[in-house]
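This report describes the strand pairing, helix packing and burial of one protein chain. The sequence and structure are shown first, and the description follows.

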Amino acid sequence: MSQHNSIQEEVAEAQSMFPAVNVPTSTPSFLIAIYQRSPYTRIKMTMTFPDGYPTHHPLIVNIDQDAVVPPGLKKKLEKELNIVASEQPTQQVRAVWERLVSFVDTNLFVPCWKELRQCVEMVQKSDTTTTAATTSKSTTGNSKSKKQTKQSTITLYESKGKIKLSLHNEAYYINVDITIDPAYPDFSAATGGKSCLLELKSTNFPKSITDMMMTQAQDIVRRMQEGLSSDRAMNLSNPVKVPKNFHLNIDEMKEKYKSRLLTKDTISNIKHDTEALKKVTDLRNKEASSVRAPGDNGYVDHKALAKERKDARRAIQKLTEEEKAADQQLEEKELAWKLEEQKRNAGYYDVYIPTGGTITPQPSLYVLVTFLIQKVKGLVVETCPCCNKRVLPVCPDDLKSIYSTSSSSSSNKTTTAAKELKKMKPYRTYCGCWYHKACLNKLLTEPPFGIECPNAQCGRRVFHPEWPGDVQQLEREWAAKQARLREIEDAMCFL
């Protein structure tokens, strides 16, 4: 029997045993075979039959590199499949296909192979990064911060498509499981409709923090499997929502901005403008006063009086223009923030393909692990933008005490201690930064209002549901508070 006929028979027998393997091209010298478990696990190979096959030279297998098969997987498969071919005296095509089909069907990490390798490297590097950060922050001498941190680990189970991720930073830890859907980056009923199913196993973070983080992480995955980019998925999954009064009707805002004028009521509501009014009042008194030359027995120097009045009027005009410019700058900044939020929320459905109404799921594993490392593990060493001190205490038990503190304490001493602990309670704002409660309260309820986040890498508007988002309301509340304080001071003068 000739080599040509034997190859044809061998390929025909292999096709009968593995009908799922598609052979678009088959010649006496080579064939092209394609096998896929899902649209995102498609592996294409070229099998070359050299002269003297199979007695003198084994089959040569080449894997095509594409979006599904990265260089690392290509190298691994080519090495394994060529070894399988060289170990078989006959029926090498069937042996290679059997090994390929078994690998694709039992290894659920094939569609996220490249992401998985990046995740492993990122977890390993995260320990080096956090160790350096902890060392730099512990120079003040807190002995608790000098304890050796356990290493973060990532364990892979290929046949189950499960990833066990254990993140450690100082005394804090979080252990999660990530299950990859067989249809990844799409989803199926196997994981409850999630391309990456995230499950919390254990942690010593407070429940409110872990609930917020885990909910956002899973929401990012959901939005990316619907076709959104990682940036849009991150923005739209923000658990802290924009206040209702911070609407995004830009045309209405522009009209309101044009019609709003600087008035005495507007100025008197904030501390800075109150001081400006005091300066104006002093200048007007100076303008209205008489200037008498020394030693002239009451003679009025009209020339000097005119000059003083002229200088006072100029000072008033300059001060008023400065206040108008400051108020206009604040209005423009608020309008810019609204435009920014409109852009962030725009285009949610532009990822849908117009013809057919289908979407293209986006790989989300690397984004998910990045979020867990940066936002959860990184939270341990994050600092408050206002006081530049750690948001979380060094000891997890102290953090639990902050969250478990009850206002119904019996003794005054315990109540005072509880109030001090509550001031240090971590709060996450709309911009994504974390603040101490006392720092955030001062930032939002004292002038200047409508300020951006003090974090140099952020600069976005600061919102939180527990505080009003309307600048005018904050101004009114602050003015009322100042009025009450003045009344108390006046009452104290009579005692």
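## First sheet: strand pairing

In this predicted model, A33 has M45 as its bridge partner in β3. That pair belongs to the antiparallel pairing of β2 (residues 30-36) with β3 (residues 42-48), which extends over 7 bridges. A hairpin of 5 residues links β2 to β3.

On its other side, β3 runs antiparallel to β4 (residues 60-63), and 4 bridges join the two strands. M45 stands opposite I63 in β4, and M47 has V61 as its bridge partner in β4. M45 thus appears both in the pairing with A33 and in the pairing with I63.

## First sheet: order and helix cover

The strands described above belong to an open sheet of 4 strands, ordered β1-β2-β3-β4 with antiparallel pairing. The edge positions are taken by β1 (22-26) and β4; each has a single partner strand, so one side of each has no neighbour in the sheet. From one strand to the next, the twist averages 20 degrees.

Two helices are placed against these strands. Helix α2 lies across β3 and β4 and runs at about 165 degrees to β4. Helix α3 packs on the sheet, where it touches β1, β2, β3 and β4, and its direction makes about 165 degrees with that of β3.

## The α2-α3 contact

Two packed helices are described by the angle between their axes and the distance between the axes. Helix α2 (residues 71-87) and helix α3 (residues 92-106) pack at about 140 degrees, and their axes are 9 Å apart. The crossing of α2 and α3 is right-handed.

From α2, the contact is made by L73, K76, L77, E80, L81, V84 and A85; α3 contributes Q92, A95, V96, R99, L100 and F103. Sorted by class, the contact of α2 with α3 has 9 nonpolar, 1 polar and 3 charged residues.

## Second sheet: order and edges

Another open sheet of 4 strands has the order β5-β6-β7-β8, and its pairing is antiparallel. Here β5 (153-157) and β8 (196-203) stand at the edges with a single partner strand each, so one side of each is left without a neighbour in the sheet. The average twist from one strand to the next is 15 degrees.

## Strand β7 and its partners

Which strands pair with β7? On one side, strand β6 (residues 162-169) runs antiparallel to β7, with 8 bridges joining them. H168 stands opposite Y173 in β7. The hairpin of β6 and β7 has 2 residues between the strands, and within this hairpin E170 takes a positive phi near 55 degrees.

On the other side, β7 (residues 172-180) pairs with β8 in the antiparallel sense over 7 bridges. In β8, S202 is the bridge partner of N175, while E199 is the bridge partner of D177. Of the 9 residues of β7, 8 are buried, so this strand is largely enclosed by the rest of the structure.

## Helix α5 and residue I209

Strands β7 and β8, which pair over 7 bridges, are also touched by a helix. Helix α5 (residues 207-225) packs on the sheet, and its direction makes about 165 degrees with that of β8.

I209 lies in helix α5. Is I209 buried or exposed? Its relative accessibility is 3%, and because buried means under 20%, I209 counts as buried. Leaving aside neighbours within four places in sequence, I209 is in contact with L379, L392, L399, Y403 and W434. The C-alpha atoms of I209 and P426 are separated by 9.0 Å, although these residues are 217 apart along the chain.

## The protein as a whole

The secondary structure comes to 15 helices and 10 strands. The protein has 495 residues, of which 40% are buried. Its exposed area is about 27,600 Å², and carbon and sulfur atoms supply 53% of that area.

Among contacts between residues at least 6 apart in sequence, 59% join residues at least 24 apart.

Technical notes
Residues are numbered from 1 along each chain as its sequence is written. This is a predicted model: local features need pLDDT of at least 70, side-chain atom pairs count only at pLDDT 80 or more; totals for chains, interfaces and linings use all residues. Side-chain values use heavy atoms; hydrogens and water are left out. Two strands pair if DSSP finds at least two bridges between them. Axes are lines fitted to C-alpha atoms, for helices over the stretch in contact, and angles run from 0 to 180 degrees between N-to-C directions. Contact means heavy atoms within 4.5 Å. A crossing is left-handed if the near helix is turned anticlockwise from the far one by less than a right angle, and right-handed if clockwise. Ala, Val, Leu, Ile, Met, Phe, Trp, Tyr, Cys and Pro count as nonpolar, Asp, Glu, Lys and Arg as charged, and the others, Gly among them, as polar. Buried means under 20% relative accessible area, exposed over 50%, partly exposed in between (1.4 Å probe, protein chains only). Accessible areas come from the Shrake-Rupley method with a 1.4 Å probe; for residues, only the protein chains shown count as cover.
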